[in-house]
Amino acid sequence: MADDTGARLAAVPEPTPSPENASPGNGADGYLERRTLRRGSAGWLLLTGLGVAYVVSGDFSGWNIGLAQGGFGGLAIATVLMGAMYACLVYSLAELSAILPTAGGGYGFARRALGTWGGFLTGTAILIEYILAPAAIAIFIGDYVESLNLFGLTSGWPVYLACFVVFIGIHLWGVGEALSFSLIVTAIAVIALIVFAVGAFTQFDPANLDDIAVDTTAAGASSWLPLGILGIWAAFPFGMWFFLGVEGVPLAAEEAKDPVRSVPRALSISMGILVLLALVTFLASTGARGADAIKDAGNPLVVALEGDPGLSWLKTFVNYAGLAGLVASFFSLIYAGSRQLFALSRAGYLPRFLSLTSKRKAPYLGLLIPGAIGFALAAATGNGPRMLNMAVFGATISYALMALSHIVLRRREPDLERPYRTPGGIVTSTVAFVLALSALVATFLVDKDAAFIALAVYAVALAYFAFYSRHHLVASAPEEEFAALAEAEAELSRD
């Protein structure tokens, strides 16, 4: 039974519509026909590019704020711990995505392991991350545009609007074209980071690493930990910025070629690339100019090069490349958010009209509505760090629930066919679970107002699910069929 079940799931057959899908004036078959994505559009290379694209903006801006929270030592330790969390999470997700390669990603995994409540809690947390992170990046893009003096523009709503309009337009054109564009821009950004590191290391001075003033009142404070032991914890959200978003690769599973193999492969390669980029960016930036000089900068890599007039050419190059990196992440995070929204809507957790797809198989409302919300937040606040902290709040909840899903499925369904198995098993996912909860608490240390705002949004979404949508789920959505199959097999085993 288990082997046969695994074969069916790995093939990801088109779900069979049920009468529950029928809406006024339409037959049941029309529901899923109007909610399909373009299959086979991305191989492992495009998926790897997507995984790096989600994150690469974090190397250009955002991470450095962690220096103000914990100093070089605090952020370094936080980055190592958060890197370990992401590595453990990525290997756990590689196993889960090979079992259920659909657009639902984390929601689908949690739905099977933790039920409808677990699925909604996970999917909504992911949405918070993928709606707010683009808003934060749009603001950072504005900072780079202003520093380049492009067309005399300053960071403000016209730049934010242009970002959302242009790049959502490319997504509406088609997923294959969108991911190809993302790969090209990401490659430019990665090459630029390597060139930056080579130039910045020529100015490297170990004394620059710990030049932030020590807070003598903080417990455990030293030159390496100027804000004390608690500074390590407060730096967690910014250590995450080197990796935030890579977990979104499984959201492309329905549009991938051979997702059972290509998604785990892309996840592993993406994580390896990101670890290397984090290491060289962090050391080169702080060692070249000093932790104190870059800790509050909107474009820290450019500031890191300002100490040497001979590197002015590199400063200009990095500024333009930084803009490319921010665009790559902005672009790919919009993609991830639209696919998570699509999957939740298709299954009835959110209003069903949000999962309608165009003739080019793009979930147009799933792109336009989150984009409008992101633009409004960016224009209204102009506060990138706050948007970032709110995105991290949602991310950490989803990480904990996805890691828990891996643990539960390993224990409850040990015979479930797993084309890919996580190295270390539940020990690996347990490490991810514990570190994710620690990072969640850290969001309250950094900006408790942002965390409570995100929590309030989460509570409103849960109320919608509790009182309405959980009574109107679509049984034939792929993730729901997957969970129903497990429930049916459990019934048979009890009989």
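Student: Which backbone oxygen does the side chain of S329 reach, and at what distance?
Tutor: This model is predicted. S329 lies in helix α13, residues 312-346. Its contacts beyond four places in sequence include A53, Y54 and V55. The side chain of S329 reaches the backbone oxygen of Y54, at 3.2 Å.

Student: Is S329 buried or exposed?
Tutor: Buried means under 20% relative accessible area. S329 has a relative accessible area of 0%, so the residue is buried.
Across the protein, buried residues make up 59% of the 495 residues. For S329, the answer is buried.

Student: How much space lies in the largest pocket, and which residues are closest to its centre?
Tutor: The largest pocket holds about 500 Å³ of space. Its lining counts 21 residues. Closest to the centre are L127, I131, I373, V457 and A461.

Student: Which element gives the most to the lining of the largest pocket?
Tutor: Three elements give two or more residues each: α5 (106-148), α14 (364-381) and α17 (448-467). The top contribution is 6 residues. That element is α5.

Student: How many charged residues are in the lining of the largest pocket?
Tutor: Nonpolar residues number 20 in this lining. One more is polar. The count of charged residues is zero: there are no charged residues.

Student: What share of the contacts with a separation of 6 or more comes from residues 24 or more positions apart?
Tutor: The secondary structure comes to 18 helices and 0 strands. S329 and Y54 are one pair in contact. Over the protein, residues 24 or more positions apart account for 83%.

Definitions and conventions. Residues numbered from 1 in each chain as written. Predicted model: local features only at pLDDT ≥ 70, side-chain atom pairs only at ≥ 80, totals over all residues. Heavy atoms only, no water. Helix = DSSP H or I, 4+ residues; strand = E, 2+ residues; numbered from the N terminus. Buried < 20%, exposed > 50% of the residue type's maximum accessible area, 1.4 Å probe, protein only. Polar contact = N/O pair within 3.5 Å; in protein donor to acceptor, adjacent residues only side chain to side chain. Contact = heavy atoms within 4.5 Å. 1 Å grid on protein atoms, 1.4 Å probe; cavity = no way out; pocket = protein on both sides within 12 Å on 5 of 7 lines; lining within 4 Å. Points joined across faces, edges and corners; volume = space filled by probe spheres on them. Nonpolar A, V, L, I, M, F, W, Y, C, P; charged D, E, K, R; others polar.
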